[in-house]
Amino acid sequence: MKNLDKIDRRILYELQRQGRLTNTELSERVHLSATATIERVRRLTRDGYILGYSAVLSPKMLNRNLIVFIEVKLERTTPDIFEAFAKAAMETEDLMECHMVAGGFDYLLKARLPDMETYRSFLNDTILALPGVRETHTYTVMEEVKNSREIPVLTQED
């Protein structure tokens, strides 16, 4: 964030909270002219700070209320197994997140599914079929306390 000034950070903050703001609304919130604001947004996009825009969907309305986290241990931790696992995970539609981690297991996965029956099938038919999987441990979410995609961009001075 070294190259970002206070206004850049405010633009990122506002767009992260509400990506459908019009340029006029955004310029009012950051106290800058519409022309200067759009130029900053274009620069922030070009420089890779803004990766895109998306809608936040309702898991309840889409029957995806069950959240599970799955620890995965691989049979071997070799580059070819890591590559094969990562490629297969990227192609697994029901996986929302896949993270290679350091510690007692190799990957942490997150999925949203309709129910426990669907989860059991997903585990047996999909997760255990991923390349190199030796062992899994699942944690079922009982209550989602906080779920945020926002990255802190404002400082105390902002």
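**Strands, helices and a ring pair**

Colleague: How many bridges pair strand 1 and strand 4 (residues 133–140), and in which sense?

Modeller: Strand 1 and strand 4 pair over 7 bridges, in the antiparallel sense. Two strands pair if DSSP finds at least two bridges between them, and the elements themselves are DSSP runs numbered from the N terminus, with helices being H or I runs of at least four residues and strands E runs of at least two. Within this pairing, Val-68 has Thr-140 of strand 4 as its bridge partner.

Colleague: Before we go on, what sort of model is this, and which residues count?

Modeller: This is a predicted model, in which local features need pLDDT of at least 70 and side-chain atom pairs count only at pLDDT 80 or more, while totals for chains, interfaces and linings use all residues. Residues are numbered from 1 along each chain as its sequence is written, and side-chain values use heavy atoms, with hydrogens and water left out.

Colleague: OK, back to strand 1. How is it joined to strand 3?

Modeller: Strand 1 and strand 3 run antiparallel and are joined by 7 bridges, and Leu-66 stands opposite Leu-113 of strand 3. Strand 1 covers residues 66–74, and 7 of its 9 residues are buried, so the rest of the structure largely encloses it. Here buried means under 20% relative accessible area, exposed means over 50%, and partly exposed lies in between, with a 1.4 Å probe and protein chains only.

Colleague: And Lys-110, is that one buried or exposed?

Modeller: Lys-110 counts as buried because its relative accessibility is 9%. It lies in strand 3, residues 107–113, and its contacts (heavy atoms within 4.5 Å) include Ile-67, Val-68, Phe-69, Asp-94 and Glu-97, not counting residues up to four places away in sequence.

Colleague: Changing topic: which residues are buried in helix 4?

Modeller: In helix 4, Ile-81, Phe-85, Ala-88 and Ala-89 are buried. These residues cover an arc of only 100 degrees around the axis, which puts them on the same side of helix 4; the arc is that of the directions from the helix axis to the C-beta atoms. The buried residues of helix 4 pack against strand 1, strand 2 (95–100), strand 3 and strand 4.

Colleague: What is exposed on the other side of helix 4?

Modeller: On that other side, Pro-79, Glu-83, Lys-87 and Met-90 are exposed. Pro-79 has a relative accessible area of 66%, and its C-alpha atom is separated by 23 Å from that of Lys-110, which is 31 residues apart from it along the chain.

Colleague: I've been looking at the rings. How many aromatic pairs are there?

Modeller: The count comes to 2 aromatic pairs. In one of them, Phe-82 and Tyr-107 have ring centres 6.2 Å apart and planes at 65 degrees, so the pair is edge-to-face. Because Phe-82 lies in helix 4 (residues 79–90) and Tyr-107 in strand 3, this pair ties together parts that are 25 residues apart in sequence. The rule is that rings of Phe, Tyr and Trp (its six-membered ring) pair if their centres lie within 6.5 Å, with planes under 30 degrees apart counted as stacked, over 60 as edge-to-face and the rest as tilted.

Colleague: Where does Phe-85 come in?

Modeller: Phe-85 forms one aromatic cluster with Phe-82 and Tyr-107. Phe-82 counts as partly exposed, at 21% relative accessibility, whereas Tyr-107 counts as buried, at 3%.

Colleague: Now the start of the chain: what do the buried residues of helix 2 pack against?

Modeller: They pack against helix 1 (6–17) and helix 3 (34–46). The buried residues in helix 2 (residues 23–30) are Leu-26, Ser-27 and Val-30, and, seen down the helix axis, they fall within an arc of 100 degrees, so they line one face of helix 2. After helix 2 comes His-31, whose phi is positive, near 60 degrees.

Colleague: And which residue caps the N-terminal end of helix 1?

Modeller: That residue is Asp-5, with a side-chain oxygen 3.1 Å from the backbone nitrogen of Ile-7. Further along helix 1, the buried residues include Ile-11, Leu-12 and Leu-15, and the buried residues of helix 1 pack against helix 2 and helix 3.

Methods
Polar contact = N/O pair within 3.5 Å; in protein donor to acceptor, adjacent residues only side chain to side chain.
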